[in-house]
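Open the model in your viewer and get ready to select a few residues and helices. We will go from stop to stop, and at each one you will read what is there.

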Amino acid sequence: MASQSPSQASGWWRRLWRIGLFAVILGLIALATAVGIAWSSLPSFEELKSSPNGQMIRVHAADGAVLVSLGPSYGQWLSYGQIPQVMRTAMVAVEDKRFREHPGIDPIGIARSLQVRATRGRFAQGGSTITQQLARNVFLTNDKTWTRKFREMVLALALERKFSKDQILELYLNKVYFGGGAYGVDAASRKFFGHAADSLSLGEAAIIAGLVKAPSNYSPSADASAAVQRAGVVLGVMRGEGLITASQEARANPAGVPLAPEPRQNSVRYFTDWALPQLDTLIDEGNEPIDVWTTLDLSMQRAADVAIRANTPAGAQGALVALDRDGAVRAMVGGKDYVASIYNRTTQAVRQPGSAFKLFVYLAALEAGHTPADTVVDEEVDIQGWRPRNSSRRFSGEISLRTAFAYSINTIAAKLGAEVGVSAVADMARRFGITTPIDTHPAMVLGTSNVRLIDMTRAFAGVSGNGVAIAPYGILKVTTARGEVLYTHESDMSHVLVAPQVAAQMIDLLQTAVNTGTARAAQIGRPVAGKTGTTSSNKDGWFLGFSSGLTTGVWMGRDDARAIPGLQGGRAPAQAFAQFMKVAVAKRPIEQFQTAVTLPEWQLEPDNEAYFGNVDEGQFVDENGMPIDAGADEARPDQTEQPPPERTPRDVQAPDRLDQAWIERMTRGGGDQQAPAPPRERNQPSRPNQ
């Protein structure tokens, strides 16, 4: 094929250039037309001043009482001249230094943003001008789509044609969101500094200007140090642009700016922080004021707050969530103090559950054909090099599954896990609502996988509901201020997780743990079923249980996962459960389980996490699930201090092994009537009630 001559190549380039020029002209005409249409439809300056930002939301408890009113907070509208010069200068310097030169969009900023995108593979630097931000805040959403970005540019160009730079900056500073519900500089100044914005200092102006980039990250009330660091960046930019001197920057001293005290918040905010984001998927209305009717029971919430504060060890955090039989969240406490920490340990924290995870081991075993009365041998086992042991450091021989579960015997859980397969145990956990990753090494049966408290509570609620799945929910209905119903919750109770017989057998095991085993501190004077959990070195304590249709989960521990001497699931968490549940179910009818357990006169010491042991500390594995030699105390991970063992009173002699006969005969499910207590030594007095 003959090559093209220079004249032919030149002709192609001329045609290509003409086509490109024509396309650019058409594009400019289309852009000008779009800008013209947008310009003609823009509200007036006075209309924009009076238009609201954000949505007003009133949140109601289950009884209709208003829990909290949320939404935009507005201060006084400040005209351009009333806004301090330092505030106007700081905002322009950090958000749009070419604000006075560009026509609404900044080609230099866009080019720099694209360059960073090409270099780093992602957009790490924004190219939006103040005018674009105003257009987005007033007319658009924050969707990261090219369509929204194009509309934003069109509106920005139209705004610049319709309003002066001073008007645009006035609108922006009075309407932009600064975090904490505050819209506009006056609302932000009153919230963070306790005074109007017309007297802002340079340091205060720098703090407020720094908030726009990420209000939640740099909010002084949420993270004062981050707000101060961001303000330092703002001051540095201002000095670099020659807007302030070095001495002015030094005198500004954001770290020395006094902050207004935050109004006291109660634990209800843990619940609203979890429930309200769900509105985005439940309703489409985003502007009109709405009323949100929730499942929260205020009396239960107060009781939960008191129980967590009263029982959580010093230096530790506690969390509690209570679910009704259909999944309605009746109480949720994510920590001891919402003001000190908004981190919700009920829904956000992931921690090892210890022996509470045995719920899924025994469910898998029961589904595979075992029964609570089946006998197994508590003996030394070796599973792929892992040799679990009981905290009692002894083996009790032939016992029933009911006894093994009640006293949280690790070797039996390991045997069952190996028999049914750890994959079956993991599948059971996922079936019952565990959403976090689950390990499949042999030691997983002792609770080495991280879980969330709300997921574990959901699982226990599924057992309480005879094997029917429940999904936690907090919003009953949403209405407009005029009463129009936008959303109504409908619970789906049709998903069966296990056969009713399997659930009933599991309840048999769970109630035995409360009545005769590790969870006796959770007794409340009516039938209770539940399970304790304690992780190695006393880092986490759990109790999860149910009574009268209400399922409650409690977790305690340190956020940094350090050991807490004396923390065991059968102590503080079970005590918090009992204190809460006595109030929560007081007005509910007593509900008997299918298998009733009656306590004999003789009992073991309360709160032991394993049969005649101290702390349920059987999960001696590293973070990869590999076995750790736990033959000596010094081999235990992070084992710095052990609580003293429970002392057995001299007037009660604990036998070397459980008398299986009286355990089995205590339950109707075992087929026998209650047996008399095991014989005491001669002349041994009765043990007083505890």
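Is E204 buried or exposed? Select E204 and look at its surroundings: with a relative accessibility of 8%, E204 counts as buried, because the cut-off for buried is under 20%. Keep in mind on this tour that you are looking at a predicted model.

**Around E204**

E204 belongs to helix α9, which covers residues 202–211. Now add A231 to your selection. Along the sequence, E204 and A231 are 27 residues apart, yet from C-alpha to C-alpha the distance in space is 8.5 Å.

Next, select helix α8, residues 185–193. Of its 9 residues, 7 are buried, so α8 is largely enclosed by the rest of the structure. Among the buried ones you can click on are V185, D186, F192 and F193. Just after α8 comes G194, with a positive phi near 80 degrees.

**Two helix pairs**

Two packed helices are described by the angle between their axes and the distance between the axes. Show α8 and α9 together: their axes come within 11 Å and cross at roughly 115 degrees. The two helices are therefore roughly perpendicular to each other, and the crossing is right-handed.

For another pair, select α5 (residues 130–139) and α7 (residues 165–175). Here the axes come within 10 Å, with a crossing angle of roughly 50 degrees. That makes α5 oblique to α7. This crossing is left-handed.

**A nonpolar patch**

Switch on the surface and select W17, L21, F22, I25, L26 and I29. These residues form a nonpolar patch on the surface, and together they have about 620 Å² of accessible area. Zoom in on F22, a residue of helix α1 (residues 6–41). F22 is exposed, with a relative accessible area of 51%.

**Salt bridges**

Side chains of opposite charge can pair when their charged atoms come close. How many salt bridges does the structure hold? The number is 23, and we will visit some of them.

- Select K165 and E160: they form a salt bridge whose closest N and O atoms are 2.9 Å apart. Both K165 and E160 are buried.
- Select E591 and R325: in this salt bridge the closest N and O atoms are 2.6 Å apart. E591 lies in the loop between α22 and α23 and R325 in the loop between β6 and β7, so the pair ties together parts that are 266 residues apart in sequence. E591 is partly exposed at 29% relative accessible area, and R325 is partly exposed at 47%.
- Select R482 and E484: their side chains meet in a salt bridge, with 3.4 Å from N to O. R482 counts as exposed at 62% relative accessibility, while E484 is partly exposed at 42%.
- Select D324, R330 and R588: these residues are linked in a network of salt bridges.

**Two loop residues with positive phi**

Most residues other than glycine have a negative phi. For our last stops, pick Q384, which is not a glycine but has a positive phi of about 55 degrees. Q384 sits in the loop between β8 (375–378) and β9 (397–400), and at 72% relative accessibility it counts as exposed.

Then move to N466, another residue other than glycine with a positive phi, near 60 degrees. You will find N466 in the loop between α20 (453–464) and β10 (475–480). N466 is partly exposed, with a relative accessible area of 37%.

Methods. Residues are numbered from 1 along each chain as its sequence is written. This is a predicted model: local features need pLDDT of at least 70, side-chain atom pairs count only at pLDDT 80 or more; totals for chains, interfaces and linings use all residues. Side-chain values use heavy atoms; hydrogens and water are left out. Patches are made of residues with over 30% relative accessible area and no salt bridge: like charges are joined within 9 Å, nonpolar side chains (Val, Leu, Ile, Met, Phe, Trp, Tyr) within 5 Å. Accessible areas come from the Shrake-Rupley method with a 1.4 Å probe; for residues, only the protein chains shown count as cover. A salt bridge is a side-chain nitrogen of Lys or Arg within 4 Å of a carboxyl oxygen of Asp or Glu. Helices (H or I, at least four residues) and strands (E, at least two) are DSSP runs, numbered from the N terminus. Buried means under 20% relative accessible area, exposed over 50%, partly exposed in between (1.4 Å probe, protein chains only). Axes are lines fitted to C-alpha atoms, for helices over the stretch in contact, and angles run from 0 to 180 degrees between N-to-C directions. Angles under 35 degrees count as roughly parallel, over 145 as roughly antiparallel, 65 to 115 as roughly perpendicular and the rest as oblique. A crossing is left-handed if the near helix is turned anticlockwise from the far one by less than a right angle, and right-handed if clockwise.
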